[in-house]
Amino acid sequence: MLTKRRWLAAGAALAVVGGGVASAQTATAGPAPRQCPTLHVTKGWYGDNRAKLQKMIDERGSCAGSDGARPVATFDWDNTVVKNDISDATLAWMLRHDKVLRPASWKATNKWLTDDAAAALTKACGTSVPAGHPLPTSTDTGCTDEILDVYNDEKTSGGKTAFAGEWNHRRTVPSYVWITQLFAGHTPDALTSYAAKARKQNLAAPIGTEQTVGTHKWAGYIRYYEQQRDLIGTLKKAGFDVYIVSASAEPLVRAWAPGVGIDRDHIVGIRNIVSQGRLTTGVQGCGDVKDTNGEVLTYMDGKRCWINQEIFHVKGAKAWQQQDPAHRAAFAAGDAETDVTFVGDATAGHLAINRNKTELMCRAYDNSDHRWIINPMFIEPKKRKTDAYPCSTAGYVQPDGTLAPIHRPDGSVIPDQQDTVY
């Protein structure tokens, strides 16, 4: 048998016999170029956004060589991966199909629900239905309207405040908690099945459809953004570990995430406590915050905590802090204030879907690390915001709910920003 050196020499000699060109080709041939996963959907991306995303994928994905480490990508769900809101869609479906169970006490459903709201709900929905049984919301428009007023407007039908008290405005929103508490009494799998039925209805409805729930007009369609489906798929092919981090209840996201190739082990949503197989009004805590009544959600700073805890296994109070680059997502995407902290934590790219949300858009337009990408909504995009975002005075939501200037990591204040990507 020829040794390796002799085999190479013999091959070169044979090439010379066949002609000088073949010899040169043999001598200079190297490994075949790697086929990097490529984004395919072009429509809907603003300017050179698609090229910027492809560059980030090439630099941080498998084509760059990662020595076995998988970069993480994190996406919000509602109005980031899909158009419209799956929590709203599921609640609407449940109200139209008598799936909301009467609580023994409306007041006990949520720690911030006011006495006025509890009284209004009790009056509108009555007490004739036994606790734990379905309310006839498909026909009882008064009950349905009161539920929607409290949830959507945070006021009773009579205009009284529905939620009051103190909460950390960077960790939770009482109405966000309350919609998950309306799901109490069902098993997680049952709630996922309701979300799946709402999914089927909303995907079949034409874009722009409205539905009537009680006497309210409500969005009646949802669409996956094909651009985001393509982006998620390409990231996965390039070796990214892709997660959905949503402020919707986790059982709802389970009905939708497979549509973009995400399994239940890569979903982080609001996690209500389960007792005897059924959802309760309690909510799992995060970091150093124990199981609660909803003081901590996958919302704003809470999304950072849940990402650190569930994806990077950072425990305790440290989960609330921005981690070192090795323990942060490479890429993140969101559309609203609820996403601003975790999207800003990404090390290689931040995608902001422009819904005119002040704190997110201030940071995106300021682009202090030159890694922000802004894109209009892919379906029914928002019009240009005519006045500047008040970044320098009232852009930052403080824990007590008051507004303050937004600061960069170096402490300087972000100046007001004009809306230029729409």
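**Stop 1: the domain interface**

Start where domain 1 meets domain 2: about 3,700 Å² is buried between them, and carbon and sulfur atoms give 59% of that area. In domain 1, select Tyr221, Leu252 and Leu279. These residues lose the most area to domain 2, together 19% of what that side buries. Keep in mind that this is a predicted model.

To colour the two parts, use the domain assignment. Domain 1 takes 48–59 + 69–85 + 221–378 + 389–404, and domain 2 takes 86–212. Place a pseudo-atom at each C-alpha centre; the two centres lie 25 Å apart. Now show contacts: 48 residues of domain 1 touch 38 residues of domain 2.

**Stop 2: what crosses the boundary**

Switch on polar contacts. Across the interface of domain 1 and domain 2 there are 25 residue pairs in polar contact, both residues at pLDDT 80 or more. Which elements of domain 1 each supply at least two residues to the side that touches domain 2? Select strands E5 (223–224), E6 (241–249), E8 (272–275), E9 (278–283) and E13 (396–397), then helices H10 (250–256), H11 (301–310) and H12 (340–345). H10 gives the largest share of that side, 6 residues. Colour the domain 1 side by class and you get 26 nonpolar, 13 polar and 9 charged residues.

Next, salt bridges. Between domain 1 and domain 2 the count is 3. Search the whole structure and 18 turn up.

**Stop 3: Arg170 and its acidic partners**

Select Arg170. Asp301 forms a salt bridge with Arg170, with the closest N and O atoms 3.2 Å apart. Add Glu359. Glu359 also forms a salt bridge with Arg170, and here too the closest N and O atoms are 3.2 Å apart. Why does the Glu359 pair tie together distant parts of the sequence? Glu359 lies in helix H13 (residues 358–366) and Arg170 in the loop between helix H6 (141–153) and helix H7 (174–181), so the pair joins parts that are 189 residues apart in sequence. Are Glu359 and Arg170 buried or exposed? Both are buried.

**Stop 4: Glu295 and Lys111**

Move to Glu295. Its salt bridge is with Lys111, and the closest N and O atoms are 2.7 Å apart. Glu295 sits in the loop between E9 and H11; Lys111 sits in the loop between helix H4 (86–96) and helix H5 (115–125). The two are 184 residues apart along the chain. Turn on a surface. Glu295 has 25% relative accessibility, so Glu295 counts as partly exposed. Lys111 has 45% and counts as partly exposed.

**Stop 5: a charged network around H10**

Select Arg271 and Glu250. They form a salt bridge, with the closest N and O atoms 2.6 Å apart. Arg271 is in the loop between strand E7 (267–270) and E8, while Glu250 is in helix H10, 21 residues apart. Arg271 and Glu250 are both buried. Extend the selection to Arg254 and Glu310. Salt bridges that share partners join Glu250, Arg254, Arg271 and Glu310 into one network.

**Stop 6: two positive phi angles**

Open a Ramachandran plot and pick Asp98. Its phi is positive, about 55 degrees, although Asp98 is not a glycine. Find Asp98 in the loop between H4 and H5. At 26% relative accessibility, Asp98 counts as partly exposed.

Then pick Met300. Phi of Met300 is near 50 degrees, again positive in a residue other than glycine. Met300 lies in the loop between E9 and H11. Is Met300 buried or exposed? Met300 has 0% relative accessibility, so it counts as buried.

**Stop 7: Asn367**

Select Asn367, in the loop between H13 and strand E12 (372–376). A polar atom of the Asn367 side chain lies 3.0 Å from the backbone nitrogen of Trp372. Now draw a distance to His350. The C-alpha atoms of Asn367 and His350 are separated by 9.5 Å, and the two residues are 17 apart along the chain.

**Last stop: the full view**

Zoom out. The C-alpha trace spans about 100 × 50 × 45 Å along its principal axes. Switch to cartoon: the protein has 14 helices and 14 strands. Colour by accessibility, and 51% of the 422 residues count as buried. Finish with a contact map. Among contacts between residues at least 6 apart in sequence, 64% join residues at least 24 apart.

Key: Residues are numbered from 1 along each chain as its sequence is written. This is a predicted model: local features need pLDDT of at least 70, side-chain atom pairs count only at pLDDT 80 or more; totals for chains, interfaces and linings use all residues. Side-chain values use heavy atoms; hydrogens and water are left out. Domain bounds come from an automatic or database domain assignment. Contact means heavy atoms within 4.5 Å. Buried area is the accessible area (1.4 Å probe) that two parts lose on being put together, summed over both. A salt bridge is a side-chain nitrogen of Lys or Arg within 4 Å of a carboxyl oxygen of Asp or Glu. A polar contact is a pair of N or O atoms within 3.5 Å; within protein, one must be able to donate a hydrogen and the other to accept it, and residues adjacent in sequence count only if both atoms are side-chain atoms. Helices (H or I, at least four residues) and strands (E, at least two) are DSSP runs, numbered from the N terminus. Ala, Val, Leu, Ile, Met, Phe, Trp, Tyr, Cys and Pro count as nonpolar, Asp, Glu, Lys and Arg as charged, and the others, Gly among them, as polar. Buried means under 20% relative accessible area, exposed over 50%, partly exposed in between (1.4 Å probe, protein chains only).
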